[in-house]
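Thanks for making the time, everyone. I would like to walk through one model this morning, starting from the overall numbers and moving on to single residues.

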Amino acid sequence: MRELTTDDLGLLLSLFAVLLLAFAANFHFSRQAVHRHRKAAIWFVVICFLGELSTVIALVLTWVAVWSPAAWDRIDNMLVFVPGSIAMVCAVLLTIESVYARSVHIVNAERQDARGSAVGVVPPPDDDPDGDDPDCDDPD
């Protein structure tokens, strides 16, 4: 494995900082959704926690390496590479899960719309034909 330069360490710091922000995003799940999809919610939380913890470890070691060249001589590159790689894998898994969840939501919404139109359910008419006032109840 090649030795990392100060520029490489600066890029790693930026990457780990962005990953940490992504993992630290505060996701809220409704109780009903958690009860319906308990395993998926637990999986999501575990992957977020593992990714955040790995990112913090890699970020701290990289920060120490940038500001203390003597410490960097004692820190093996693998100590930054392994947690950084785990964090990247977690980020990819969460992205795949997010895309899958959105796709399923869109497909289910289209199926419900198709069922509603097949049964004869018509959406309510637009009360504001001009489109200038979203709270307008009267077309006049």
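Of the 140 residues of the protein, what percentage count as buried? The answer is 22%, where buried means under 20% relative accessible area, exposed means over 50%, and partly exposed lies in between, with a 1.4 Å probe and protein chains only. Before going on, I should say that this is a predicted model, in which local features need pLDDT of at least 70 and side-chain atom pairs count only at pLDDT 80 or more, while totals for chains, interfaces and linings use all residues. Residues are numbered from 1 along each chain as its sequence is written, and side-chain values use heavy atoms, with hydrogens and water left out.

The protein has five helices and zero strands, where helices (H or I, at least four residues) and strands (E, at least two) are DSSP runs numbered from the N terminus. About 10,600 Å² of the protein is exposed, and carbon and sulfur atoms supply 64% of that area; accessible areas come from the Shrake-Rupley method with a 1.4 Å probe, and for residues only the protein chains shown count as cover. If we take contacts (heavy atoms within 4.5 Å) between residues at least 6 apart in sequence, 75% of them join residues at least 24 apart.

Let me turn to the interior. The largest nonpolar core, meaning a set of buried Ala, Val, Leu, Ile, Met, Phe, Trp, Tyr and Cys residues joined through side-chain atoms within 4.5 Å, has 19 residues, and those with the most contacts inside it are Phe16, Leu19, Phe23, Trp72 and Leu94. Helix H1 (6-24), H3 and H5 are the elements that give two or more residues to this core. Apart from its neighbours within four places in sequence, Trp72 is in contact with Glu3, Leu4, Leu9, Ala65, Asn77 and Val80.

Two hydroxyl-bearing residues deserve a slide of their own. Thr55 lies in helix H3 and counts as buried because its relative accessible area is 0%; residues up to four places away aside, Thr55 touches Phe16, Leu19, Leu20, Phe23 and Ala87. Ser54, in helix H3 (residues 38-67), is likewise buried, because its relative accessibility is 6%. Beyond four places in sequence, Ser54 is in contact with Pro83, Ile86 and Ala87, and a polar atom of the Ser54 side chain lies 2.9 Å from the backbone oxygen of Leu50.

Now to the surface. Which residues form the nonpolar patch there? They are Leu50, Met78, Phe81, Val82 and Ile86, with about 400 Å² of accessible area together. Patches are made of residues with over 30% relative accessible area and no salt bridge (a side-chain nitrogen of Lys or Arg within 4 Å of a carboxyl oxygen of Asp or Glu), and they join like charges within 9 Å and nonpolar side chains (Val, Leu, Ile, Met, Phe, Trp, Tyr) within 5 Å. Helix H5 (residues 77-119) gives the most to the patch, with four residues. Phe81, which is found in helix H5, is partly exposed because its relative accessible area is 44%.

Finally, two exposed residues. Leu11, in helix H1, counts as exposed at 61% relative accessibility, and its C-alpha atom is separated by 9.9 Å from that of Thr62, 51 residues apart along the chain. Pro69, in helix H4 (residues 69-74), counts as exposed at 59%, and Pro69 and Thr6 are 9.4 Å apart, C-alpha to C-alpha, with their positions 63 residues apart in sequence numbering.

Key:
Polar contact = N/O pair within 3.5 Å; in protein donor to acceptor, adjacent residues only side chain to side chain.
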